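Here is a friendly walk through a two-chain model, loop by loop and site by site. Have the sequence and the coordinates open as you read.

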Amino acid sequence: MSINCWGTKRGILMCNKNRELLSDRPPVILFSGFLGSGKTTMLLKTIEMLSAADKKCAIIINEIGEVGIDNRQMRMMGYDVLDLFGGCVCCTMKVTLEATVNHLLEDYEDLDYILFEPSGMANPLSLYPAIMNCGYREEEIQNVFVFDPTRIALYQKRMNQLFNDSINLAKCVVINKLDQVNQSEIETAVKMVETIRPGLKTYKMNLNEALSQELHQYL
Amino acid sequence: MYQEEFLPVVFNIRFSSNQALPVEKWRSRIQDVLHLYVNQICKDDNRMIGHIKALAQIDEKDFIKFSCVGNSNAINSNFHGNHQDLFDINVIINSLVSNISEKESHVFLERSCQTMIKRDSEIKIQINAKHDRQSNHHHHGDGNDCPICHGHHH
Ligand SMILES: Nc1nc2c(ncn2[C@@H]2O[C@H](COP(=O)(O)OP(=O)(O)OP(=O)(O)O)[C@@H](O)[C@H]2O)c(=O)[nH]1
Ligand SMILES: [Mg+2]
C-alpha cells in the first residue's frame, strides 16, 4: 500500500487521542471496480481536477500481491509517494488500511481529500469496516464504482455477488469505455444498476477524454 | 472465490540494443512481446485475463504504460514524457490471469521474447529475476518494523 500526498492548500483538521474528529475530516473518495476497470484512470482525472482547485489530497493505492505499477506510475508523474505499509502480506488488508487512514488523519493535518484505489480484486464491502473504524460513517465514503461495460457477462455470471455488493455500496456509478461497447451494452449496464438500486446516479463516459461536467460537479 | 483464481505474476525485463532507438520503436516492440504473450494465454478458453499491465521506465519521469484487459488482445499504451532515443529500457510486467501457473506464465513470456529477438535482430531481451515483492517481504521504509505485526508474521 502506498500513500501519496501533494498540494499546497492548508485546511484545518484536528484529531484527539481517541481519534474522534474535532472538525471536518477529509472526505474519502473510494474508487471501486474490478481489475482493469479504469480506477487508476479515473483517479488520475480526479487528481487533475482537485489539484487544479488547489486541494491537498492523499492517495492510497493498494496493489497487494502485485508489484506496484500504479503507484510507480504516480511517482514518476511527480506525486510524492510515501511507501507505508506496502507489501505487508502477513497483515490483513483491514488492519493495514485502518492504520494507513489513521496515520493520514493524525499526521497530515491539512488534507482536503483522501483518494483510495483498492485492488481490483477486493470486494468493497471488506474495506468499509477499516474506514469506519477511523471515524467515518458509511454515508461519508464517496464510493465511485467504475463499471467497465466490457465485463458485463462476467459480472452477470461469475461475479454476481461482487457486483451486488459494489452497487449497494456505491454513491454513484461511472459506466466507462463507451468507445469500446455498443449502445445495447450500455443500456444493459444501466439496467443492471437500476435493477439493484433504482435511482442510483450513473454517469456514462469515455475516461480517455475529460471527465463529464456533471461528474466534475458531483466530485 | 474469484479472488483466488487470479495469480499475480511479476516480470522484470530489459530490452536493449547496440544503437539508440526511438521511444516509438521500443513501444512497438514491447507491445509486440505483450501481444505474443497474450495470444498464448488466450489459446485456452478457461483462462481469463484480469489485467496485464506493464510499465516501461524511460527515465525518472518518462514512461510508457501498457494495459491489456480481457481476452480481446487489444493492448493499450500511453506514453508520458518527451520523445528521445534510448539504448535500453526496463519493463515491469504485472500479469493477473486466472487458471494459469506461474511457471506457464514464465514459459509464455520467454517464448514471446525469443520470437521477438528472432524477428528483430537489433534487439536483445533479458528477463531478470522477479521483484521480491511477494512472500514474506515487508516494505515499511528504512528498516522500520511493520507497524502492524512488528515483524511477527502470521
Ligand atoms: N477506451 C477506453 N479505455 C479506458 C477507459 N477507461 C479506462 N480505460 C483503459 O482501461 C485500461 C485499464 O485502466 P486502469 O485505470 O489501469 O484500470 P484499473 O481499474 O486501475 O486496473 P487495476 O488497478 O489493475 O485494477 C487502461 O488501458 C485504460 O486506458 C475508457 O473510458 N475508454
Ligand atoms: Mg489501477
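Let us begin in a loop of chain B: B:Asn99 sits between strand S5 (85–98) and helix H3 (102–119). Helices (H or I, at least four residues) and strands (E, at least two) are DSSP runs, numbered from the N terminus. The phi angle of B:Asn99 is near 55°, a positive value in a residue other than glycine. Most residues other than glycine have a negative phi. B:Asn99 counts as partly exposed because its relative accessible area is 47%; the classes are buried under 20%, exposed over 50% and partly exposed in between, with a 1.4 Å probe and protein chains only.

Before going further, a word on the ground rules. This is a predicted model, in which local features need pLDDT of at least 70 and side-chain atom pairs count only at pLDDT 80 or more, while totals for chains, interfaces and linings use all residues; side-chain values use heavy atoms, with hydrogens and water left out. Residues are numbered from 1 along each chain as its sequence is written, and chains are lettered from A and ligands numbered from 1 in the order in which they are written.

Chain A offers a counterpart to the loop above. A:Asp54 lies in the loop between H1 and strand S3 (57–61) of chain A, and its phi is near 65°, again positive in a residue other than glycine. A:Asp54 has 40% relative accessibility and therefore counts as partly exposed.

**The two chains**

The table sets out the overall figures. Contact means heavy atoms within 4.5 Å, and pLDDT is the predictor's confidence in each residue, from 0 to 100.

| Property | Chain A | Chain B |
|---|---|---|
| Secondary structure | 8 helices and 8 strands | 3 helices and 6 strands |
| Buried residues | 59% of 219 residues | 49% of 154 residues |
| Contacts with a separation of 6 or more that join residues 24 or more positions apart | 79% | 71% |
| Mean pLDDT | 81 | 84 |
| Residues with pLDDT of 70 or more | 80% | 79% |

Along chain B, from the N terminus on, the elements run α-β-α-β-β-β-β-α-β. Strand S1 (residues 6–22) of chain B contains B:Pro8. Is B:Pro8 buried or exposed? With 17% relative accessibility, B:Pro8 counts as buried. The C-alpha atom of B:Pro8 is 9.0 Å from that of B:Ser98, although 90 residues separate the two along the chain.

**The magnesium site**

Which protein residues are donors of the magnesium ion (ligand 2)? They are A:Thr40 (OG1), A:Asp70 (OD) and A:Glu117 (OE), at 2.0 to 2.2 Å from the ion. Donors here are N, O and S atoms within 2.8 Å of the metal (3.2 Å for Na, K and Ca); water is not among the atoms, so sites may look incomplete. Along the chain the donors of this ion follow the spacing T-x29-D-x46-E. Distant parts of chain A are linked in this way: A:Thr40 belongs to helix H1 (residues 39–52) and A:Glu117 to strand S5 (residues 113–117), 77 residues apart. Both A:Thr40 and A:Glu117 are buried.

**A cavity**

The structure holds 1 cavity of 30 Å³ or more. On a 1 Å grid over the protein atoms alone, a cavity is a set of points where a 1.4 Å probe fits but cannot get out, and lining residues have an atom within 4 Å of a point. Grid points are joined across faces, edges and corners, and a volume is the space filled by probe spheres set on the points.

The largest cavity has a volume of about 50 Å³. Its lining consists of 13 residues, of which A:Ser32, A:Gly33, A:Phe34, A:Ala122 and A:Pro124 lie nearest the centre. Strand S2 (28–32) and helix H6 (160–169) of chain A each supply at least two residues of this lining. By type, the lining of the largest cavity has 8 nonpolar, 4 polar and 1 charged; Ala, Val, Leu, Ile, Met, Phe, Trp, Tyr, Cys and Pro count as nonpolar, Asp, Glu, Lys and Arg as charged, and the others, Gly among them, as polar.

**Confidence**

For the complex, the predictor gives an ipTM of 0.83 and a pTM of 0.87. In chain B, the pLDDT stays under 50 over residues 132–144, a stretch with 36 contacts beyond four places in sequence in the model. Residues 146–150 of chain B are also below 50 in pLDDT, with 16 contacts beyond near neighbours in sequence. Where pLDDT is low, the predicted coordinates should not be read in detail.

How values were computed: 1 Å grid on protein atoms, 1.4 Å probe; cavity = no way out; pocket = protein on both sides within 12 Å on 5 of 7 lines; lining within 4 Å.
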